[in-house]
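Trainee: Got a minute? I'd like to walk through this one with you.

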Amino acid sequence: MTGIMGIDHVAITVADLDASCAFYDRLFGTRVAAEYSSGATVLVRQIMVGAALLSIHQQGNGVSLVARNPTVGAADVCFRWRGTIATAMARLEECKVPIVEGPSPRRTADDRPSQSVYFRDPDGNLLELMAADP
């Protein structure tokens, strides 16, 4: 038996915090949940991407409670998409975000058949939109 309910948030390290946040906002319409600053400089911004919380860390921000080797472009994150894979692809195309692969058949964490499409953010992180089959 485990006490784990799910993943609360995922943290990524980026080269340009403002540019990365602008990318996610343009693509998904995000909401800032929290910011952690040193003076006027934002070191970490947490954004809501749908129901997912993404913690975006500026590279070299001096925050010590992070992965041992926080690296720009090393993340691989899958977001569940509420609509069909066709609507996910249309959104990427509308925002001129190149698709790396897909649609590809996959299975969701709750073992439902699904389709995924893959793309990259400005730092090269691999992102996936997964739409469960109807």
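Mentor: Sure. Start with Val66, which sits in the loop between strand 4 and strand 5. Keep in mind that this is a predicted model.

Trainee: Is Val66 buried, exposed or partly exposed?

Mentor: Partly exposed, because its relative accessibility is 33%.

Trainee: Which residues make a nonpolar surface patch with Val66?

Mentor: Val63 and Leu65. Together with Val66 they form a patch of about 270 Å².

Trainee: Now the inside. Which residues of the largest nonpolar core touch the most other members?

Mentor: Tyr24, Leu27, Leu54, Ile56, Phe119 and Leu129. That core has 27 residues.

Trainee: Which elements give two or more residues to this core?

Mentor: Two helices and several strands do. They are helix 1 (17–28) and helix 2, plus strands 1 (9–14), 3 (41–49), 4 (52–58), 5 (76–81), 7 and 8 (126–132).

Trainee: And where does the largest share come from?

Mentor: Helix 1, with six residues.

Trainee: Back to Leu54. What is Leu54 in contact with, leaving aside its neighbours within four places in sequence?

Mentor: Val10, Ile12, Tyr24, Arg45, Gln46, Ile47, Val49 and Phe79.

Trainee: New topic. How many disulfides are there?

Mentor: Zero. Take Cys21: the nearest cysteine sulfur belongs to Cys95 and is 16 Å away. For Cys78, the nearest cysteine sulfur is also that of Cys95, at 18 Å. The cut-off for a disulfide is 2.5 Å between sulfurs.

Trainee: Is Cys21 buried or exposed?

Mentor: Buried, because its relative accessible area is 7%. Cys78 counts as partly exposed, at 36% relative accessibility.

Trainee: What about the backbone? Where is there a cis peptide bond?

Mentor: Look at the bond from Gly102 to Pro103. Its omega is near 10°. Pro103 is part of strand 6, residues 99–107.

Trainee: What do peptide bonds mostly look like in general?

Mentor: Most are trans. Also, most residues other than glycine have a negative phi.

Trainee: Which residues here have a positive phi without being glycine?

Mentor: Lys96 is one, with phi near 60°. Asp111 is another, at about 65°.

Trainee: Where do I find Lys96 and Asp111?

Mentor: In loops. Lys96 is between helix 2 (85–94) and strand 6. Asp111 is between strand 6 and strand 7 (113–120).

Trainee: Is Lys96 buried or exposed?

Mentor: Exposed, because its relative accessible area is 73%, and the cut-off for exposed is over 50%.

Technical notes. Residues are numbered from 1 along each chain as its sequence is written. This is a predicted model: local features need pLDDT of at least 70, side-chain atom pairs count only at pLDDT 80 or more; totals for chains, interfaces and linings use all residues. Side-chain values use heavy atoms; hydrogens and water are left out. Helices (H or I, at least four residues) and strands (E, at least two) are DSSP runs, numbered from the N terminus. Buried means under 20% relative accessible area, exposed over 50%, partly exposed in between (1.4 Å probe, protein chains only). A nonpolar core is a set of buried Ala, Val, Leu, Ile, Met, Phe, Trp, Tyr and Cys residues joined through side-chain atoms within 4.5 Å. Contact means heavy atoms within 4.5 Å. Patches are made of residues with over 30% relative accessible area and no salt bridge: like charges are joined within 9 Å, nonpolar side chains (Val, Leu, Ile, Met, Phe, Trp, Tyr) within 5 Å. Accessible areas come from the Shrake-Rupley method with a 1.4 Å probe; for residues, only the protein chains shown count as cover. A salt bridge is a side-chain nitrogen of Lys or Arg within 4 Å of a carboxyl oxygen of Asp or Glu.
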